[in-house]
Amino acid sequence: MNRVARGEGMADGLPTLGALVALMVAVEVVGRLDLSLFLPTFSAVARVWWQLLQAGPLLGAALKSLVAFGIGFGAAAAGGVVSGTVLGRFRLLGQVFDPFLNVMMSAPLVAFVPVLITVFGISDVVVIVTVFLFTFFVVVVNTRTGFEGTDRRLVEMAQSYGAGEVQLFLRVYLPSALPAIMVGLQLGVVNGVKGLVVGEMLLALVGLGEFLVRYANVFLITHLYAVIATIMAVALLASYAVQLVDRVLIRWK
Amino acid sequence: MVGPLTNVQRSATHPLGIAIRGVSKAFGRVRALDDITLSVEAGQFVAIIGPSGCGKTTLLKIVAGLLRPDAGRVEIGGVPVTGPGPDRAMVFQDFALLPWASVLRNVTFGLEVRGAPRPVRHAVAQRVIAKVGLAGFEHHYPHQLSGGMQQRVGLARALAVNPQILLMDEPFASVDEQTRRLLQDDLLTLWADERKTVLLVTHSMDEAIYLADQVFVLSPRPGRLFRIIEVDLPRPRSSQTTRASAAFGRLVEDLWGILKEMQ
């Protein structure tokens, strides 16, 4: 994943592009066989998508979703990296919080959304907090693992050259944890998008989730796919943004 | 830029001696070192050898100031060691290079930690990188280099801070025999140039005799000073003349005899 993610050049992108084109063709062919209402052609979905986009509301909804995602993800990323750093550098704290983290990592966080709705009412805040919850823990755990995995020998080397605590952190621990932190953020994007859709669908009144629920209820399958494609585009966009940061920060690999 | 550099060069002309007095160290119930007393004269090349478990690396870390002895003390030029200091630099068995940093950044690490300004760092780095034969590799990353080249980076990093004492922890144990011999010869050349006190931990009898003026033999569990061998082979030494000499063979055999005796 990383080699592609780091974009070793245009040539490496070609297989990915090829696979995408193949998938589109396959969807088109299957759609034309007219097997089921639930398998529309690619071109039909694309046409509807374009119409929805031009009509306005889809773009507005996507923008709204993107903003909610940005806020939730940004807060979770910042908070998660800081918390993970603290837990990773102070072993005792790490041990204290270990069971909670494990619970939150494996818990079906969807269950919390109704709670959030009762607390925050039907508003964007619910979506933002849901994105936060879905993102936060995976970032914390990966960040912590990154710091804990710092090579003792490098720490010793730095100490032998007189590095103090601050320098150890900046010159050894942080660069050493960075790849794991970036993995955490990439997983965070994936989870965060899930949180976004889950939150919006349960609210059924905001963002792209609103459209999902509406079209599903009236069996506008082609429209439904158009919205799903939009969500995937949002996810892809967010994921590429993180990969871009990754590539800038970790050039040495 | 000229000022700090000449400073650096001046301190190199004053190597410091090492005095280890009654040093003991235990890890939990395991006694690693027991009452080690030995001294190394300024400018000497000394090797510590012993079977694994004799605590030789522990002793080196105590001299480096990375570990505190349970009893006894270490003095560098008459001053007790309380922690790592600019008078000492260590070379590690597994190189301990920062994988995310270029050769240049690795070599300047010690200078960076000590806050040397960038032009000074780069000037010093250029000099030591050339000295260890890595000119042109400044912007390579460790994983792009062979083991031998990586250890040259480790050596350059140590030389860059211009310590009076070089502490080497089995520095050539992780490279192949061919590379090891080249590195040993290069180390001898460097040492002849820079006149530093060298404390080298090794498990290679050949290496200890070939490089050192004196070899301290430690016994295992707990590590005690078992014997001191004076290596009176003439310098400069080279593989052709030194290794081929009868005296070299005899010293290695003597050392082997001592190590066998301890078993």
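Visitor: What makes helix H10 of chain B a neighbour of the strands, and which strands does H10(B) lie across?

Guide: In this predicted model, helix H10 (residues 246-262) of chain B lies across strand E9 (214-219) and E10 of chain B, and its direction runs at about 165° to that of E10(B).

Visitor: Why is one side of strand E10 of chain B, and of strand E6 of chain B, left without a neighbour in the sheet?

Guide: The six strands of this open sheet follow the order E6-E7-E8-E3-E9-E10 in chain B, with mixed pairing. Strand E6 (88-91) and strand E10 (224-230) of chain B each have a single partner strand and stand at the edges, so one side of each remains without a neighbour in the sheet. From one strand to the next, the twist averages 20°.

Visitor: How do you know that E6(B) is paired with strand E7 of chain B, and how many bridges join them?

Guide: Pairing requires at least two bridges between two strands, and E6(B) is joined to strand E7 (residues 165-169) of chain B by four, the two running parallel; B:Val91 stands opposite B:Met168 in E7(B). The requirement is therefore met for this pair.

Visitor: What makes E7(B) a mostly covered strand, and where do its side chains point?

Guide: A residue is called buried if 20 or more other C-beta atoms lie within 10 Å of its own, and five of the five residues in E7(B) are buried. B:Ile165, B:Leu167 and B:Asp169 point one way from the strand, whereas B:Leu166 and B:Met168 point the other way. This matches the general pattern, because in a regular strand the side chains alternate between the two faces of the sheet.

Visitor: How is E7(B) connected to strand E8 of chain B, and what is the handedness of the crossover?

Guide: Five bridges join E7(B) to strand E8 (residues 197-202) of chain B, again in parallel, with B:Leu167 opposite B:Leu199 in E8(B). The chain passes from E7(B) through helix H7 (residues 177-194) of chain B to E8(B), a β-α-β crossover that is right-handed.

Visitor: Turning to chain A, what describes the packing of helices H4 and H9 of chain A?

Guide: Helix H4 (residues 57-89) and helix H9 (residues 165-203) of chain A pack at an angle of about 145°, their axes lying 9 Å apart, and the crossing of H4(A) and H9(A) is right-handed. Among the residues that meet are A:Phe69 and A:Gly72 in H4(A) and A:Ile181 and A:Gly184 in H9(A); by class, this contact has 13 nonpolar, seven polar and two charged residues.

Technical notes
Residues numbered from 1 in each chain as written. Chains lettered and ligands numbered in written order. Predicted model: local features only at pLDDT ≥ 70, side-chain atom pairs only at ≥ 80, totals over all residues. Axes fitted to C-alpha atoms, helices over the stretch in contact; angles between N-to-C directions. Left-handed = near helix turned anticlockwise from the far one by under 90°. Contact = placed C-beta atoms within 7 Å. Nonpolar A, V, L, I, M, F, W, Y, C, P; charged D, E, K, R; others polar. Buried ≥ 20, exposed ≤ 12 C-beta atoms within 10 Å, placed from the backbone. Right-handed = clockwise from strand over helix to strand, strands pointing away.
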